[in-house]
Amino acid sequence: QVQLVESGGGLVQAGDSLRLSCAASGRSFGAYGMGWFRQAPGKEREFVAAVSWSSGLTYYADSVKGRFTISRDYAKNTVYLQMNSLKPEDTAVYYCAVRTRPVYDSRSLYYRPGYDYWGQGTQVTVSS
């Protein structure tokens, strides 16, 4: 079993920055990929960013490219999402997820079924 705990959400103004953290723990933790998704009220949960745990390769949704950066700390089993130039449309609950199966196709990291465990989410609100 793997536990994921997100932190770092909050209320900010447009143009501000936030950094989200997601710490993973569990006796059998072994990640092949970690990702961030978000869900705004009344909308589907959507992909934001992902990182290949071993290689460090990163993947982003078009809506956040150039503004968000995902990174991981291998020693701490932690993934981060640095969010800059935040916009009101970035307002959502942000979820961290981990894939504990090998990644044969990186496209799997863009979709919810590609992940095995999820965190409880952290609220990010961006005011205009």
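Q: Strands here are DSSP runs of E with at least two residues, numbered from the N terminus; in which strand of this predicted model does valine 48 lie?
A: The model is a prediction, so its strands are assigned from predicted coordinates. The core-supplying strands include strand 4 at 33–39, strand 5 at 46–52 and strand 6 at 58–60. Position 48 belongs to the segment 46–52, and valine 48 accordingly lies in strand 5.

Q: How many helices and how many strands does the protein have?
A: Read along the sequence, the pattern is β-β-β-β-β-β-β-β-β-β-β, written with β elements throughout. The counts for the protein are therefore, with strands taken as DSSP runs of E, zero helices and 11 strands.

Q: What radius of gyration does the protein have, and what would a compact globule have?
A: The C-alpha atoms fill a box of roughly 40 × 25 × 25 Å along the principal axes. For 128 residues, a compact globule would have a radius of gyration near 14 Å, and the value for the protein agrees with this, being 14 Å.

Q: What share of the contacts with a separation of 6 or more comes from residues 24 or more positions apart?
A: A contact here requires heavy atoms within 4.5 Å. One pair that is distant in sequence is tyrosine 60 and tyrosine 110, which are 50 residues apart along the chain but 8.4 Å apart from C-alpha to C-alpha, and Tyr110 is among the residues that tyrosine 60 touches. Over the whole protein, the share of such contacts from residues 24 or more positions apart is 57%.

Q: Which residues of the largest nonpolar core touch the most other members?
A: Nonpolar side chains tend to be buried together in soluble globular proteins. In this model 43% of the 128 residues count as buried, and the largest nonpolar core holds 36 residues. Strand 3 (18–25), strand 8 (78–83) and strand 9 (92–99) are among the strands that each supply at least two residues of this core. The members that touch the most others are Met34, Trp36, Leu81, Met83 and Tyr94.

Q: Is valine 48 buried or exposed?
A: Leaving aside residues up to four places away in sequence, valine 48 touches several residues, including Trp36, Tyr59, Phe68, Leu81 and Tyr94. Its relative accessible area is 1%, and since the cut-off for burial is under 20%, valine 48 is classed as buried.

Q: Is tyrosine 60 buried or exposed?
A: Tyrosine 60 lies in strand 6, and among its contacts beyond four places in sequence are Phe47, Val48, Ala49 and Ile70. Its relative accessibility is 16%, which is under the 20% limit, so tyrosine 60 counts as buried.

Q: What sign and approximate value does phi have at asparagine 77?
A: Asparagine 77 lies in the loop between strand 7 and strand 8, and at 24% relative accessibility asparagine 77 counts as partly exposed. Although asparagine 77 is not a glycine, its phi is positive, at about 50°.

Q: In which loop is serine 85 placed?
A: Serine 85 has a positive phi of about 50° although it is not a glycine. With a relative accessible area of 42%, serine 85 is partly exposed. Its place is in the loop between strand 8 and strand 9.

Q: How far apart are the mean positions of the positive and negative charges?
A: The accessible surface of the protein comes to about 6600 Å², of which 47% belongs to carbon and sulfur atoms. The protein has 14 positive and 10 negative charges, and the separation between their mean positions is 5 Å.

Note on methods. Residues are numbered from 1 along each chain as its sequence is written. This is a predicted model: local features need pLDDT of at least 70, side-chain atom pairs count only at pLDDT 80 or more; totals for chains, interfaces and linings use all residues. Side-chain values use heavy atoms; hydrogens and water are left out. Helices (H or I, at least four residues) and strands (E, at least two) are DSSP runs, numbered from the N terminus. The radius of gyration is taken over C-alpha atoms; the globule rule is 2.2 Å times the number of residues to the power 0.38. Buried means under 20% relative accessible area, exposed over 50%, partly exposed in between (1.4 Å probe, protein chains only). Accessible areas come from the Shrake-Rupley method with a 1.4 Å probe; for residues, only the protein chains shown count as cover. Lys and Arg count as positive and Asp and Glu as negative; His and the chain ends are not counted. The place of a charge is taken as NZ of Lys, CZ of Arg, CG of Asp or CD of Glu. A nonpolar core is a set of buried Ala, Val, Leu, Ile, Met, Phe, Trp, Tyr and Cys residues joined through side-chain atoms within 4.5 Å.
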